[in-house]
Amino acid sequence: MNHWTRTALKTLSSDQLRTSDTHLYLLDIPGIDGIDIYLKDESTHPTGSLKHRLARSLFLHAICSGKIKEGTHIVEASSGSTAVSEAYFAKLLGLPFTAVMPRSTTCKKVEQVKHLGGQCHFVDSGSQVYAEAERLAQQNNGHYMDQFTFAERATDWRGNNNIAESIFRQLAEEPHPIPRAIVMSAGTGGTSATLGRYTRYLGLDTQLVVVDPEHSVFYDSYQSGDLTLVSQANGRIEGIGRPRVEASFLPEVIDEMIKVPDAASIATLHWLTPILGRKAGGSTGTNLWGVLQLAKRMQANGERGSLVTLMCDGGERYLDTYYNSDWVAEHIGDLTPYREQLAQLS
């Protein structure tokens, strides 16, 4: 092992040690009785999202696999949050970084990538990011990180402070330490794969429920078993849902999937703000809408227990979109039916 590789691995290890675990909040929802709903706040990572864990794992995997060396130009296909996190680690290691992202990516994420020394290369559609990222990596004699292929294999799903191990450790002293379900949206599919594998590894009864936004093929693929599905539509909930079935999406570890309307996702993140005292990103709205559907089902069956989901990133990145009423009216539509449903829980 050469000096640069040894130093790079030590640098990544030091970053992990400096990063304390993220908080697990118990939400106060008056309309939900007998069911504890927990929200794990991944927005407090140094790069502001769940993708901080993934980016570190991807760099470790690529360095240890001999793909990244001193001076290697890193290229990634991303709708934003992964790009921010990878830009952070590239800067930490002194490596050039380029993110290939759709033009619709929020301005805040673009600014954060550039602030960290990265470059942004834009394409018109989310379906174009893969080939363009691969082309740029070859052109620059660099490495295409390819989160959509390597997310599930780069993460140590058995432990090592992964997201699943952290959740169960934090629940240990709670009234219902083994949750009925963990609800997670899928972008790469890597986090849902980690959660599903971990619960099976420990022999737990916890179900993995994956929620999917509009214009994503994951839900239809799960229902039909067709892994070749593709869509030309652009998703509106950044960071989750994909126009094709990604290699890191593992339907075999999923117990149930729920399709969530985009308007329900946005209505839910607005409803969450006064409860949490903070703004969350769109994927958190998707996650929490799924949790609330499960909670209402459990209530109807007279069941008690706990449910867990994730706050994937903060709402500060989406002030010009999800928290802009004009943008919502133009791109999402009427939230009223979902706001009325949520008001019944307050």
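1. In this predicted model, six strands form an open sheet, and reading across it gives the order S1-S2-S10-S7-S8-S9, with pairing that is mixed. The strands at the two edges are S1, residues 24-26, and S9, residues 256-259, each of which pairs on one side only. From one strand to the next, the twist of the sheet averages 25°.

2. Within that order, strand S2 stands beside strand S10, and it is worth following this pair in the structure. Strand S2 covers residues 35-41 and strand S10 covers residues 305-311, and the two pair in the parallel sense over 7 bridges. As a place to begin looking, Asp-36 stands opposite Ser-306, which belongs to S10.

3. Turning to the protein chain as a whole, one counts 13 helices and 10 strands. The radius of gyration of the chain is 19 Å, close to the 20 Å that the globule rule gives for 346 residues, so the chain is as compact as a globular protein of that length. Taken along the principal axes, the box filled by the C-alpha atoms is roughly 60 × 45 × 40 Å.

4. How much of the protein chain counts as buried? Of its 346 residues, 58% do, where buried stands for a relative accessible area under 20%. The accessible surface of the chain comes to about 14400 Å², and carbon and sulfur atoms account for 48% of that surface.

5. A last point concerns contacts along the sequence. If one takes the contacts in the protein chain between residues at least 6 apart in sequence, 76% of these join residues that are at least 24 apart.

Note on methods: Residues numbered from 1 in each chain as written. Predicted model: local features only at pLDDT ≥ 70, side-chain atom pairs only at ≥ 80, totals over all residues. Heavy atoms only, no water. Pairing = 2+ DSSP bridges. Helix = DSSP H or I, 4+ residues; strand = E, 2+ residues; numbered from the N terminus. Axes fitted to C-alpha atoms, helices over the stretch in contact; angles between N-to-C directions. Rg over C-alpha atoms; globule rule 2.2 N^0.38 Å. Buried < 20%, exposed > 50% of the residue type's maximum accessible area, 1.4 Å probe, protein only. Contact = heavy atoms within 4.5 Å. Areas by Shrake-Rupley, 256 points an atom, 1.4 Å probe, with all protein chains shown as cover.
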